[in-house]
Amino acid sequence: MRVLLGALCLALSSASLADSLVINNVNGYTLTEQGVHRFGALHIDDGKVVATAARDGFNGLSPDRIIDGKGHTLLPGLTDAHGHIMGLGYLQSDLDLSGITSKQAALERVRQFADAHPHLTWIRGRGWNQELWPDTAFPTASDLDTVVPERPVWLRRVDGHAGWGNSQALTLARITPTTPDPEGGQLLRNADGSPTGILIDNAMGLVEGRLPPREPHETEAAFRSATRKLASLGLTGVHDAGVNHQTLQMYQMWDQQQQLPIRIYAMVSDLDTLSRMPGPYFGDRLIARSVKLYADGALGSRGAALLDDYSDMKGHRGLLIHPIKELKRRIKGVINRGFQANVHAIGDRGNREVLEAMIAYGKPEQRNRIEHLQVVEPSDFDRIKAAGIVASMQPTHATSDMNMAEDRLGSLRIHGAYAWKTVINKGIPFAAGSDFPIESPNPFWGLYSAVSRQDHQGHPEGGWYPRQSLSREQALHGFTLGAAYASFQENELGSLEPGKRADFILIDRDYFTVPVEQIWQTQVLATYIDGQPVYQQSDL
């Protein structure tokens, strides 16, 4: 049985942190710049690490608390360097179509959800992926009309870069055959020019501008639900990739009241929110000193901007969300304000344009980041290193995309895609995440994907382009020290070295020695932040 302590210990007072703790009898690991350090006991005082030692190495101490780790493996707290906290929270109440393997099954799920929620004026959700369906064809508005004709339905694709609406949603958005494609977006059309119901990237705003706003109680419930789940998975921190003004205000209020249950490194989602900020925010568990920008779309919806044609769609090279001049203006503006520019780029052209702007306006010490860095022209890796850019990448994207990525890219470009080992070998700082709720927020799924490059059934044998596989140490570094460096927190977080914050987890198996296929099955027994439990199983 899993127990969340005091609603995730939301209101830890400063006095409760000012105690000492020894956790003994553990199979402890932490990474340092010298490599993997092992220990059997951990001493904490006032929320920070004092020292590590062999088992029973602190028997002469009289701490306020002593915990018997029962021989369990102890690791530093894990950080997801690219996730969406509120998106994960809303998915707990919205329609979730993740993993559905046919259009018919997706439509049946929509029908069931609509029948179960007759009070909803809009049916909204996300997670569908036509690449998992037998014909891999995009669905249509008329498909949705067969199950929900009387209420608007809006469903984001799994990658968040395409939406599927029914006829009611298109009508409310005033989308007709004469509606032009917005800049940086596309309306898929039938042979007669009528919209199919699939909107790509910036075109999604036509419908999403009509969605009713979330109620305050929905927002709070979503946040609490998401953070409970994240803590239970061993995540002590998240780099929240796109925080609007309203959400940032909520985070700041809870941080100032010492009610944030996990650490959040917030990427402001738009320039309007940035304009309202007097400068970066540095709180206890909240830091807001970066801005999330977009260069292009996603590979699955063919919105990623490529230097050459898609291999499976001649004459099509994807979309830039903004014209190049506007993209560069935005990146320059963020850097000039003293904020870190964190730019979504999937395709090799999207990455090239972001790289050029960061070289022109940034400096290596600013640690500007490319989020995803998914498809890269090989000659650009050395330039990325020279510019001091951080590669913020998501291992599970590779094992989710491997069923379609080579179709999109062909047999040559694929070698510059999902290239984590190349990034590390080039000396580019590497931070690992998941991009939840697009992927599972479980960091052990990410660690498994990074090491194996296989799905949970062990396919393909030997791994998908296994030369890009990481060692267990390299993968763990991405979720600990790598994520800390990407957020300027390497002196505070990422390892259990003296003077750093005592963020750690206890797990049910030895990450470094279990068979690779067991890594994703790892269960978290307890999660501690500042030496205080925010999640634990009752029988620990």
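Where is Pro460 found? Pro460 is in the loop between α17 and α18; helices (H or I, at least four residues) and strands (E, at least two) are DSSP runs, numbered from the N terminus.

This is a predicted model, in which local features need pLDDT of at least 70 and side-chain atom pairs count only at pLDDT 80 or more, while totals for chains, interfaces and linings use all residues. Residues are numbered from 1 along each chain as its sequence is written, and side-chain values use heavy atoms, with hydrogens and water left out.

**Exercise 1. Describe the two cis peptide bonds at Pro437 and Pro460 and place Arg467.**

Step 1. The bond from His459 to Pro460 is cis, and its omega is near -10 degrees.

Step 2. Phe436 and Pro437 are also joined by a cis peptide bond, with omega about 5 degrees. Pro437 sits in the loop between β23 (430-432) and α17.

Step 3. The loop between α17 (443-452) and α18 (472-479) also holds Arg467. Arg467 counts as exposed because its relative accessibility is 79%; buried means under 20% relative accessible area, exposed over 50%, and partly exposed in between (1.4 Å probe, protein chains only).

Step 4. From Arg467 to Arg453 the separation is 14 residues in sequence and 9.6 Å in space, C-alpha to C-alpha.

**Exercise 2. Work out the sheet that contains β5, starting from its pairings.**

Step 1. Take β5 (residues 41-45) by itself: four of its five residues are buried.

Step 2. Find the partners of β5, where two strands pair if DSSP finds at least two bridges between them. Strand β2 (residues 20-24) runs antiparallel to β5 and is joined to it by four bridges; Val22 stands opposite His43 of β5. Strand β6 (residues 48-53) is likewise antiparallel to β5, with five bridges, and Thr52 in β6 is the bridge partner of Leu42.

Step 3. Look at the connection. Two residues separate β5 and β6 in a hairpin, and Asp46 in the turn has a positive phi of about 55 degrees.

Step 4. Assemble the sheet. Its four strands form an open sheet with mixed pairing, in the order β6-β5-β2-β7. β6 and β7 (65-68) are the edge strands, each pairing on one side only. From one strand to the next the twist averages 15 degrees (axes are lines fitted to C-alpha atoms, for helices over the stretch in contact, and angles run from 0 to 180 degrees between N-to-C directions).

**Exercise 3. Give the strand order and the edges of the six-strand sheet.**

Step 1. The order is β10-β11-β12-β13-β15-β14 in an open sheet with mixed pairing.

Step 2. The edge strands, each of which pairs on one side only, are β10 (95-96) and β14 (185-189).

Step 3. Four bridges link β14 to strand β15 (residues 195-201) in the antiparallel sense. Gly185 is placed opposite Asp201 of β15.

**Exercise 4. Check the length of α8 and list its buried residues.**

Step 1. The expected span of a helix is 1.5 Å times one less than its number of residues. The 17 residues of α8 (residues 216-232) should therefore span 24 Å, and the end C-alpha atoms are 25 Å apart, which agrees.

Step 2. The buried residues of α8 are Thr219, Ala222, Phe223, Ser225, Ala226, Thr227, Leu230, Ala231 and Ser232.

Step 3. After α8 comes Gly234, with a positive phi near 95 degrees.

**Exercise 5. Compare the settings of Asn25 and Arg302, given their positive phi values.**

Step 1. Most residues other than glycine have a negative phi.

Step 2. Asn25 has a phi near 60 degrees and lies in the loop between β2 and β3 (27-32). Its relative accessible area is 25%, so Asn25 is partly exposed.

Step 3. Arg302 has a phi of about 55 degrees and belongs to the loop between β19 (286-294) and α11 (324-336). Arg302 counts as buried because its relative accessibility is 16%.

**Exercise 6. Characterise the second largest cavity.**

Step 1. On a 1 Å grid over the protein atoms alone, a cavity is a set of points where a 1.4 Å probe fits but cannot get out, and lining residues have an atom within 4 Å of a point. Grid points are joined across faces, edges and corners, and a volume is the space filled by probe spheres set on the points.

Step 2. The whole structure holds two cavities of 30 Å³ or more, and the second largest has a volume of about 40 Å³.

Step 3. The lining of this cavity consists of His372, Gln374, Met393, Gln394, His397, Tyr418 and Trp420.

Step 4. By class, the lining has three nonpolar, four polar and no charged residues (Ala, Val, Leu, Ile, Met, Phe, Trp, Tyr, Cys and Pro count as nonpolar, Asp, Glu, Lys and Arg as charged, and the others, Gly among them, as polar).

Terms used: Pairing = 2+ DSSP bridges. 1 Å grid on protein atoms, 1.4 Å probe; cavity = no way out; pocket = protein on both sides within 12 Å on 5 of 7 lines; lining within 4 Å.
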